Amino acid sequence: MPEGHTLHRLAALHTRRYVGRPVAVSSPQGRFATNAEMVDGRVLESAEAHGKHLFHHYGPDLVVHVHLGLYGRFSDDRLPVEEPRGQVRMRVIGETHYGDLRGPTACELLTDAEVDAIHARLGADPLRDDADPDRAWARISRSRAPLATLLMDQSVIAGVGNVYRAEALFRHGLDPQLPGRKLTRACWDELWVDLVDLLHDGYRRGKIETLRSEHDPRLVDGVGPCARATYVYKRTGEPCLVCGTPVAHARHLARNLFWCPVCQAPEPVRPARRAARRTTTRLERR
DNA sequence: TGAGTATGTTCAG
DNA sequence: TGAACCTACTCAT
């Protein structure tokens with residue numbers, strides 16, 4: 001599930017597994033072979049994530065940049081190494097474990113300047129201490145674009161993908177088509193705090209679960225642990241867990257968008273209704 | 001076993 | 001706007 005939490009988990013894992021010691025880097029598939037030679041045998045100095053991007057720092061102008069894209073994976077296995085299965089773009093071997101990178105959108109060797117450029121174009125990352133939500137707000141509050149577009153714009157908020165977008169908008173009763181400039185500062189502040197909570201939770205669990213306990217059918221009805229743990233994502237036509245209305249689906253900029261037409265009804269929002277809405281979708285800190 | 005689908009991004013046209 | 005990337009999972013057969 002490569003949204004931001006996945007990449008931050010990988011950065012933390014790679015820090016534990018490999019940082020501070022020499023690693024063997026290769027490209028069984030061959031597409032990263034020349035660059036792999038440049039860092040093979042070097043000490044991995046640090047691993048970090050910004051949004052959905054992962055960086056392995058081997059020294060000045062020696063940074064491996066990885067983006068998993070839609071279906072990239074980075075495995076984690078104990079030594080000894082096995083024969084590569086499938087297309088392994090990059091293999092990193094440490095003292096106790098090794099990782100195989102498959103199907104990434106990007107796996108490239110960058111200079112420091114190129115890495116800086118990526119950081120510069122990425123927006124506030126809810127999982128980074130240096131995140132600047134005011135900069136994100138400056139973009140959102142000036143934009144005519146709908147929230148559904150803005151939340152997925154990595155130059156506004158880095159690390160939020162389709163699942164977190166759908167779930168965060170639902171949790172705040174926000175119409176996905178609401179223009180950014182119509183969002184109130186108070187709503188943004190609550191939304192940001194919740195994104196920080198949600199992504200940290202995903203980081204800890206290693207999966208995206210967004211249901212508050214009172215809405216979790218696994219707790220309410222004793223449904224098996226495999227039941228989905230989202231309010232609207234991939235629940236098209238199923239009853240909203242709060243109001244029972246069938247969850248709606250549409251294509252938005254070539255991506256799937258899910259929302260509850262009642263809990264996230266468009267304007268006008270009357271004060272009484274907003275108050276009622278708050279009692280059912282209030283932000284719950286974990 | 002095979003078809004269909006996906007949490008993302010870039011590039012061609 | 002659609003194709004490409006080319007993995008892994010789910011579901012139907």
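Accessible areas here come from the Shrake-Rupley method with a 1.4 Å probe. With that in hand, welcome to the tour of this predicted model.

**Stop 1: the whole of chain A**

Start by selecting chain A and colouring it by secondary structure: you will find nine helices and eleven strands. Switch to a surface next, and about 13,700 Å² of chain A is exposed, with carbon and sulfur atoms supplying 51% of that area. Of the 286 residues, 50% count as buried. If you like contact maps, look away from the diagonal: among contacts in chain A with a separation of 6 or more, 61% are between residues 24 or more positions apart.

**Stop 2: around DNA strand C**

Now select DNA strand C. Which residues surround it? Show Arg31, Tyr71, Arg73, Gln87, Arg89, Arg102 and Gly103 as sticks, and you have them. By class, this surface has four charged residues, two polar ones and one nonpolar one.

Zoom in on two of these side chains. At Tyr71, an N or O atom of the side chain is 3.2 Å from a base oxygen of DNA strand C. At Arg89, a polar side-chain atom lies 3.1 Å from a phosphate oxygen of the DNA strand. Turning to the DNA side, 62% of the strand C atoms within 4 Å of the protein belong to sugar or phosphate, while the rest belong to bases.

**Stop 3: His97 and its surroundings**

Select His97 next, in strand E8, which covers residues 97-102. Is His97 buried or exposed? His97 counts as buried because its relative accessibility is 8%, under the 20% cut-off. Its side chain makes a polar contact of 2.7 Å with the side chain of Thr96. Beyond the neighbours within four places in sequence, His97 is in contact with Arg17, Tyr18, Asp76, Asp77, Arg78, Leu79 and Val92.

One of those contacts, Leu79, leads to the next thing to see. A cis peptide bond joins Leu79 to Pro80, with omega about 10 degrees. Pro80 sits in the loop between strand E6 (77-78) and strand E7 (88-93).

**Stop 4: Ala24**

Move to Ala24 in strand E1, residues 24-26. Ala24 is partly exposed, at a relative accessible area of 31%. Apart from neighbours within four places, Ala24 is in contact with Asp40, Gly41, Arg91, Val92 and Ile93. Try a distance label too: the C-alpha atoms of Ala24 and Val43, 19 residues apart along the chain, are separated by 9.2 Å.

**Stop 5: two loops with positive phi**

Select Asp61 in the loop between strand E3 (53-59) and strand E4 (62-67). Asp61 is not a glycine, yet has a positive phi of about 60 degrees. Asp61 counts as partly exposed, at 41% relative accessibility.

Then go to Ala254, in the loop between strand E10 (248-252) and strand E11 (255-259). Ala254 is not a glycine either, and its phi is positive, at about 65 degrees. With 57% relative accessibility, Ala254 counts as exposed.

**Last stop: the cysteines**

Finish by showing the cysteine sulfurs. How many disulfides are there? The count is zero. For Cys187, the nearest cysteine sulfur is that of Cys263, 15 Å away. Cys187 is partly exposed, with a relative accessible area of 24%. Cys260 is in no disulfide: the nearest cysteine sulfur, that of Cys243, is 3.6 Å away, and a disulfide needs the sulfur atoms within 2.5 Å. Cys260 counts as buried, at 0% relative accessibility.

Note on methods. Residues are numbered from 1 along each chain as its sequence is written. Chains are lettered from A and ligands numbered from 1 in the order in which they are written. This is a predicted model: local features need pLDDT of at least 70, side-chain atom pairs count only at pLDDT 80 or more; totals for chains, interfaces and linings use all residues. Side-chain values use heavy atoms; hydrogens and water are left out. Helices (H or I, at least four residues) and strands (E, at least two) are DSSP runs, numbered from the N terminus. Buried means under 20% relative accessible area, exposed over 50%, partly exposed in between (1.4 Å probe, protein chains only). Contact means heavy atoms within 4.5 Å. A residue is near a molecule or strand if one of its heavy atoms lies within 4 Å of it. A polar contact is a pair of N or O atoms within 3.5 Å; within protein, one must be able to donate a hydrogen and the other to accept it, and residues adjacent in sequence count only if both atoms are side-chain atoms. Ala, Val, Leu, Ile, Met, Phe, Trp, Tyr, Cys and Pro count as nonpolar, Asp, Glu, Lys and Arg as charged, and the others, Gly among them, as polar.
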